[in-house]
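Work through the exercises below with the sequence and the three-dimensional view side by side. Try each task before reading its solution.

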Amino acid sequence: MNAPLSSAPATAPEAWAINVDHVGKTFTLDGGKELKAIDDVDIKIGQGEFVALLGPSGCGKSTILRLVAALEDVSTGRVTVEGSNPTALSRAHRLGVAFQDHALLPWLTIRDNIALPYKVAGRPVDDKRIAELLALVGLSGFEKARPRQLSGGMRQRVSIARALVLKPDVLLLDEPFGALDAVTRRHMNVELQRIWSEQRITTLLVTHSVEEALFLADRVIVMSGRPGRIIKEIQVPFARPRSPDVQRTMEFHHLADELTLALEPEGHH
Amino acid sequence: MSPVSQTRSPLDWVKTAISRYWGVVGVLIAWQAWVTITGVNSIVIPHPINVVGDLVFNPGVYLANAGQTLFLAAAGLILGMALGTMVAIVAWSSRILSGILVPLGLIFSSVPVVALIPVLARLLGYDVKTVLGIVIIISFFPAFVFTAAGLKSLPPGSSDLFKVFGASRWTRFVHLVLPSAVPNWMIALRLSAPPAVLSAMLAEFLMGKSGLGFLFRQSATEFATERAFGTSVIATVISVLCFTSAVAAEKFINEKWK
């Protein structure tokens with residue numbers, strides 16, 4: 001893994017898988033009031049790098065992800081993905097995404113939900129690939145089930161399988177396990193780590209969990225409250241594939257303390 | 001519906017039937033007792049037994065007319081729902097058209113059916129075409145309103161998902177928007193099915209030359225009260241059947257869809 005640091009020597013923007021170049025985003029609220037969600041955010045993510053964006057709720061971290069997913073437009077600065085406008089990547093069906101809301105279509109079976117990206121892209125459905133992914137997320141045998149028959153954790157695994165099915169260049173995860181209980185969430189993190197270590201897709205994860213960020217990412221970026229700014233960045237030293245035991249090491253605890261401290265500005269506790 | 005075990009003896013069925021329908025039986029017995037005791041002229045109120053007799057011994061008359069009413073109601077329902085769905089889709093696809101269609105549909109549907117029938121009869125003729133037209137108009141509006149709302153009630157997060165997947169407007173429509181409207185469409189079907197039968201009968205009653213509504217008017221004017229009551233019984237049975245089958249269809253679809 002030669003994950004580039006953002007402090008690495010300046011290179012052409014095309015060298016980055018994701019380049020969030022001094023971006024600001026202002027929303028106009030009802031009544032004309034302006035809300036600055038993020039201010040001068042600069043994030044560079046290398047090919048095959050897993051970056052976690054950590055911050056309190058409402059710090060604009062999801063906004064950054066939505067900018068990269070071409071769901072919002074920047075107010076200032078520029079976002080490029082694989083060297084071009086983010087829209088180009090989604091039009092080429094090379095973007096994978098999993099939100100906190102699993103967004104599975106209730107009228108489709110699990111198999112058909114995972115096959116949906118093929119249908120949207122107008123490509124023939126590759127059943128072998130779907131079976132492979134179902135096995136990867138531990139849901140073989142659930143092909144014919146419907147989303148409402150599955151537990152919350154299982155639905156999120158389906159949504160991750162769906163995000164991966166077209167072998168995307170970039171994977172965007174917005175609190176994919178945010179709605180799950182602590183035990184299931186830890187379990188899902190272990191699985192996601194295993195899945196990711198097999199695929200190594202450039203990934204941007206948005207989370208407010210310090211442990212989740214540390215366990216999954218190569219690099220953790222901490223953001224401040226509104227307007228969102230980058231206040232800290234650390235390189236995660238653990239080798240891959242990571243076993244859950246990593247979370248019990250002293251080093252993990254030290255890093256977790258460091259990040260937690262960064263998340264809580266003085267006087268606020 | 002009820003937590004019933006798989007094996008049910010005939011005795012249980014009888015018990016259930018009695019517990020549910022004793023009221024109906026009671027009314028029939030009281031009715032029969034009343035007409036027998038007071039000796040009211042059968043032109044005013046027929047004997048329930050005579051009504052049953054007319055139904056049993058003249059099935060052809062009822063069957064032919066009920067068949068026609070049911071056919072017109074079903075055909076009108078299908079055409080009206082199809083039209084309502086199409087207009088809802090057109091309104092969905094264009095904000096300008098939506099601005100014209102929604103108020104127009106609202107005004108049109110506010111006109112009472114009774115007022116529409118003579119106008120439509122003059123336009124289409126005093127026959128089944130007008131009956132069909134009335135049922136289409138009656139079925140159109142619920143289909144339009146509910147489908148229009150359904151096309152906008154997408155599952156949470158799915159709209160963003162389709163954008164990220166780079167879906168075209170057409171793919172989005174076929175794979176997301178249209179299926180999202182199905183549960184609402186089933187509500188429209190459930191709401192429209194009984195009024196479809198009712199409005200078909202009303203149109204037949206006012207200007208028709210055949211069908212259940214006509215049969216009722218004809219027998220009432222000829223003081224054939226047994227026939228008139230028999231017609232009412234058939235009409236009630238058809239309405240109840242239409243409603244319960246629409247409810248069953250809605251339940252079946254929702255199990256797959258939600």
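A polar contact is a pair of N or O atoms within 3.5 Å, where, within protein, one atom must be able to donate a hydrogen and the other to accept it. Keep in mind throughout that this is a predicted model.

**Exercise 1. Find which side chain forms a polar contact with that of Arg190(B), and describe the surroundings of Arg190(B).**

Begin by locating the residue: Arg190(B) belongs to helix H9 of chain B, which covers residues 182-207. Next, list its contacts, setting aside neighbours within four places in sequence; these are Phe243(B), Ala246(B), Val247(B) and Glu250(B). With Val247(B), the separation along the sequence is 57 residues, while the two C-alpha atoms lie 6.0 Å apart in space. Then apply the definition given above: the side chains of Arg190(B) and Glu250(B) are joined by a polar contact of 2.6 Å, and the cut-off for such a pair is 3.5 Å. Finally, consider accessibility: Arg190(B) has a relative accessibility of 24% and therefore counts as partly exposed, since the class in between runs from the buried limit of 20% to the exposed limit of 50%.

**Exercise 2. Decide whether Asp160(B) is buried or exposed, and name the residues that it contacts.**

First place Asp160(B) in helix H7 of chain B, residues 158-164. Its relative accessible area is 17%, so Asp160(B) is buried, because the term applies under 20%. Now look for its contacts, again without the neighbours within four places in sequence: Asp160(B) touches Arg66(A), Leu71(A) and Phe99(A).

**Exercise 3. Explain why helix H1 of chain A can be called largely enclosed.**

Count the buried positions: of the eight residues in helix H1 of chain A (residues 61-68), six are buried, and so the helix is largely enclosed by the rest of the structure. The buried residues are Lys61(A), Thr63(A), Ile64(A), Leu65(A), Leu67(A) and Val68(A). After this helix comes Ala70(A), which has a positive phi near 65°.

**Exercise 4. Compare the phi angles and the accessibility of His22(A) and His93(A).**

As a starting point, recall that most residues other than glycine have a negative phi. His22(A) has a positive phi near 45°, and His93(A) has a positive phi near 55°. Turning to their places in the chain, His22(A) lies in strand S1 of chain A, residues 18-28, whereas His93(A) sits in the loop between helix H2 (86-91) and strand S5 (95-98) of chain A. As for accessibility, His22(A) is partly exposed at 43%, while His93(A), with a relative accessible area of 14%, is buried.

**Exercise 5. Describe the overall form of chain B, starting from its elements.**

Chain B contains eleven helices and zero strands. Its radius of gyration is 23 Å, whereas a compact globule of 258 residues would have one near 18 Å, and the C-alpha trace spans about 75 × 60 × 25 Å along its principal axes. Of the 258 residues, 37% count as buried. Among contacts between residues at least 6 apart in sequence, 71% join residues at least 24 apart. The exposed area of chain B is about 14400 Å², and carbon and sulfur atoms supply 75% of it. To finish with charge, chain B carries 17 positive and 9 negative side chains, with the centres of the two sets 12 Å apart.

Note on methods. Residues are numbered from 1 along each chain as its sequence is written. Chains are lettered from A and ligands numbered from 1 in the order in which they are written. This is a predicted model: local features need pLDDT of at least 70, side-chain atom pairs count only at pLDDT 80 or more; totals for chains, interfaces and linings use all residues. Side-chain values use heavy atoms; hydrogens and water are left out. Helices (H or I, at least four residues) and strands (E, at least two) are DSSP runs, numbered from the N terminus. The radius of gyration is taken over C-alpha atoms; the globule rule is 2.2 Å times the number of residues to the power 0.38. Buried means under 20% relative accessible area, exposed over 50%, partly exposed in between (1.4 Å probe, protein chains only). Contact means heavy atoms within 4.5 Å. Accessible areas come from the Shrake-Rupley method with a 1.4 Å probe; for residues, only the protein chains shown count as cover. Lys and Arg count as positive and Asp and Glu as negative; His and the chain ends are not counted. The place of a charge is taken as NZ of Lys, CZ of Arg, CG of Asp or CD of Glu.
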